[in-house]
Amino acid sequence: MHKFLSFMGNLGLLVLLAVVLLIWTQLPLPVVAALGVLLALWLGLTRRGRQTLSVTRVGVSTLPQRLGASSVIVIGIAGVVGVLVAMLAMGEGFQATLQQTGSNDTAIVLRGGSAAELNSVLERDNIAVIEEAPGVARGADGKPLASAEISVVANLPKKDDPTVDANVQLRGVGEEAWALRPNVKIIQGRRFKPGLRELVVGQGAMRQFAGLEVGRQLRLAGQEWTVVGEFASGDSHDSELWGDMQTVASTYRRGSSAQSVTVRLASPQAFNTFKAALVSDPRLKVDVTTTREYFSKQSEGLTKVIRIVGITVGVIMAIGAIFGALNTMFAAVASRAREIATLRAIGFRGVPVVVSILLETMLLALLGGVLGGFITWLIFNGYTASTLGSNFSQVVFQFKVSPQLLWTGIKWAMAIGFIGGLFPAVRAARLPVTTALREL
Amino acid sequence: MKYLHLIWAALFRRKTRTFLTLVSIITAFLLFGMLDAVRTAFDSGSKSLVGVDRLVTSSRYSIIQSLPQALLSRIAGVPGVRDVAYANWFGGIYQDPKNFVFSYAVSPNYLDVYPEIRLSAAQRKAFDSTRTGAVIGPTLAKKYGWKVGDKIPLQSTIFPQKNGSKTWAFDIVGIYTVAPGAANGLDQLFLLHWKYFDEANLYASHQMGWYIDRLSNPAQADQVSKAIDALSQNSDHETKTQTEQAFSASFAKQLGDIGLIVSAIMGAVFFTLILLTGNTMAQAVRERTSELAVLKTIGFSNRSVLSMVLVESVLLLLLGGVIGLGLAALLAPGVSKGSGGMINLPSVGVTSWALGVALMVLIGLVVGTLPAMRAMRLNIVDALAGR
């Protein structure tokens with residue numbers, strides 16, 4: 001009967017734990033702050049609370065004696081939070097780079113059914129129709145703000161290992177491209193001149209590939225090209241080389257066709273007019289999306305994979321860390337069994353004992369979470385990496401350790417600390433006073 | 001060996017602690033098993049021994065540039081080339097853009113150049129004689145439940161047919177098997193006839209994506225690839241010929257440095273693990289101070305006490321590690337299935353097991369050394385007195 005009761009008690013504890021964790025993951029910052037304030041009030045104002053506080057103080061003051069064991073909790077949790085935050089920061093950085101590339105007031109037109117520019121073809125007469133469609137903004141000279149573009153993949157040696165070639169996207173752009181994307185700024189040299197085999201290089205591509213310095217010559221598709229400038233855009237265009245549309249098309253024997261048309265809309269609301277006009281035009285068979293949607297979609301797949309992998313690895317590591325914390329706290333409770341029993345004998349109740357051990361573990365966990373998050377931020381914030389994008393060429397992006405991610409990491413740390421502390425705490429409270437007092 | 005029961009008893013002296021430590025070790029090696037499997041899968045393309053006699057000739061400027069048909073007979077004429085096959089990227093999707101199918105339009109002799117793709121003679125005959133026929137890999141067939149005789153509509157993301165439709169219908173005429181040791185991913189190809197593709201598609205005419213050159217002697221790979229590239233030098237379709245391993249390795253590298261990510265994670269995991277088990281072992285020895293002193297009193301030598309503690313820690317690691325790696329081997333197919341094909345986790349290979357066991361022994365020795373030294377240096381009198 002006794003065993004049965006204890007079993008049911010543990011089962012109840014597990015159910016409670018699951019519910020608490022479920023709620024915990026959903027809690028926004030203000031609610032957590034409110035909970036913290038409530039806890040502080042309880043600790044400071046009630047009798048039980050003050051008891052808890054004094055028991056906790058005893059526990060914390062003995063921490064230096066258990067330095068090795070306590071550091072298992074701190075470092076274990078720091079590892080979990082570090083890996084989790086780094087993986088999520090990678091996904092977030094990739095997503096942010098692509099999402100920034102798009103906006104709601106520019107639209108991209110591709111041949112129907114092409115998921116990426118690389119697969120699309122638009123003929124010359126189609127391009128003219130698209131550029132003159134209603135809803136397209138016009139520049140000061142009355143010309144539509146539209147750029148028919150061609151996007152090919154070139155093979156260039158990487159900077160860190162010149163024996164390895166990687167794909168880089170070479171974009172042939174029209175004259176309006178600069179007005180279309182005002183965030184693209186020349187930071188070195190000058191723009192290419194239409195009609196010449198000149199290139200400007202994005203700062204990301206400049207970092208990744210060898211031989212792209214301003215003034216250098218390189219061979220693309222059998223022709224000599226000169227790099228005349230470097231540009232910065234802060235988005236995925238940073239990974240590209242830009243040249244004149246007509247020149248790129250003739251070099252790659254594309255005739256008068258293009259692959260995509262990007263237009264500036266008169267206003268974000270004009271998108272529906274623009275789309276309706278193109279979709280209903282019997283001469284065209286095209287897909288029209290805002291560039292924001294287009295680039296968000298490109299980041300979807302990889303971001304999802306990174307998230308799944310990151311969370312799977314995080315969960316497995318968290319399980320390991322929980323058992324590490326359990327181990328440490330059980331040992332801590334065992335070594336303080338007499339002390340705890342004495343407290344209970346002189347009138348302390350179960351709640352202060354349970355809460356104080358929980359507090360101690362969560363304090364260590366918080367320390368681990370902060371440490372892990374800080375180290376990750378130190379190493380990985382702004383760390384540059386690259387991968388194959390949907391246009392079959394390298395996309396350079398930066399890891400982004402955002403405050404939200406750090407907050408997620410701390411939440412994980414607190415959850416691990418909570419589980420790791422709960423069972424030892426309950427055991428400490430349940431220990432029969434007389435047995436514990438007799439123990440050596 | 002005769003002390004095994006003693007070590008075993010010491011290991012399970014504190015069941016809770018040993019159990020908790022074991023779970024931590026299990027999770028660490030579970031993670032190791034899965035991540036190392038991913039890493040080896042990425043490496044396998046460049047290490048596979050099957051196909052050392054094949055070179056890949058593609059455009060030097062970029063993978064999306066195609067090559068003229070005229071090169072075929074010229075490459076075949078290069079001394080040392082036994083056979084030339086060619087293929088073109090089809091870019092097929094099935095019903096939804098998420099269901100990407102690795103589909104190539106291939107030359108009639110493609111299957112001869114890839115002997116590790118095994119197709120029964122009857123199905124081979126059917127493939128050769130069916131214009132719209134296709135042969136598919138076993139994994140692909142299983143994924144969508146395709147059978148021989150099915151008519152499968154694939155959409156090409158790149159090539160519309162002459163009538164403007166992007167949907168191509170194929171008859172599945174064969175499902176091949178893959179010889180062991182073949183490169184990863186070969187079991188999920190969708191191969192269709194280049195001839196049908198070339199005649200029916202709107203754009204590319206008589207163009208090949210890449211050539212596969214089979215060598216008479218793999219040792220000549222270097223000079224043959226130079227000779228092939230010399231054929232097109234200074235033309236508008238210069239080529240780059242490399243071994244198939246180098247070709248696939250360059251793809252894996254472009255995806256990102258998987259090896260670096262994996263070793264960074266494993267570094268964090270094992271650092272924590274060493275700390276954790278080290279702490280456990282230190283506790284275990286500290287608790288047993290008086291017992292160890294008794295052992296020494298009744299005549300156990302310093303060396304045997306040292307090795308007993310070391311073996312205990314190695315045993316702990318091995319126990320947890322083997323369970324963890326075993327779990328990884330069991331779970332890997334489940335994870336692949338659960339992710340809906342997004343993540344294809346291969347099973348734990350022999351090299352991963354070997355590396356894993358080596359790591360277990362190494363970590364066991366590392367964490368055991370300090371406590372074992374402590375145990376060895378115990379002064380019997382002090383230890384018995386509890387000082």
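**View 1. Q95(B) is an exposed loop residue of chain B.** Q95(B) counts as exposed because it has 11 C-beta neighbours inside 10 Å. (A residue is exposed if 12 or fewer other C-beta atoms lie within 10 Å of its own, buried if 20 or more do, and partly exposed in between; C-beta atoms are placed from the backbone.) Q95(B) sits in the loop between β4 (92-93) and β5 (100-106) of chain B. Its phi is near 65 degrees, a positive value in a residue other than glycine. The model is predicted: local features need pLDDT of at least 70, side-chain atom pairs count only at pLDDT 80 or more, and totals for chains, interfaces and linings use all residues. Residues are numbered from 1 along each chain as its sequence is written, while chains are lettered from A and ligands numbered from 1 in the order in which they are written.

**View 2. A177(A) is a buried helix residue.** A177(A) belongs to helix α6 (residues 177-180) of chain A. (Helices, H or I of at least four residues, and strands, E of at least two, are DSSP runs numbered from the N terminus.) Why is A177(A) buried? A177(A) counts as buried because 22 C-beta neighbours lie inside 10 Å. D244(A) is 67 residues away along the chain, yet the two C-alpha atoms are separated by 10 Å.

**View 3. Chain A meets chain B.** Here 45 residues of chain A are in contact with 41 residues of chain B. (Contact requires C-beta atoms, placed from the backbone, to lie within 7 Å.) On the chain A side, α4 (67-101), β2 (146-157), β3 (165-173), α10 (291-335) and β11 (384-388) each give two or more residues. The largest share, 15 residues, comes from α10(A). By class, the chain A side has 27 nonpolar, 16 polar and 2 charged residues. (Ala, Val, Leu, Ile, Met, Phe, Trp, Tyr, Cys and Pro count as nonpolar, Asp, Glu, Lys and Arg as charged, and the others, Gly among them, as polar.)

**View 4. Helix α10(A) has a kink.** The helix has 45 residues. From first C-alpha to last, α10(A) reaches 63 Å, close to the 66 Å expected at 1.5 Å a residue. (The expected span is 1.5 Å times one less than the number of residues.) A kink of about 35 degrees is centred on E300(A). (The bend at a residue is the angle between axes fitted to the seven residues ending there and the seven starting there.)

**View 5. Helix α13(B) bends at T369(B).** The bend is about 45 degrees, and a proline, P371(B), follows within four residues. Helix α13 (residues 350-376) of chain B has 27 residues and reaches 37 Å from its first C-alpha to its last, close to the 39 Å expected. Its buried residues include G364(B), V367(B), G368(B) and P371(B).

**View 6. L31(B) belongs to the largest nonpolar core.** This core has 170 residues, and those with the most contacts inside it are I77(A), V80(A), I416(A) and L31(B). (A nonpolar core is a set of buried Ala, Val, Leu, Ile, Met, Phe, Trp, Tyr and Cys residues joined through C-beta atoms within 7 Å.) Leaving aside neighbours within four places in sequence, L31(B) is in contact with V313(A), I316(A), M317(A) and V269(B). Another core, of 46 residues, lies apart; L55(B), A85(B), W168(B) and Y176(B) are among them.

Conventions. Contact = placed C-beta atoms within 7 Å.
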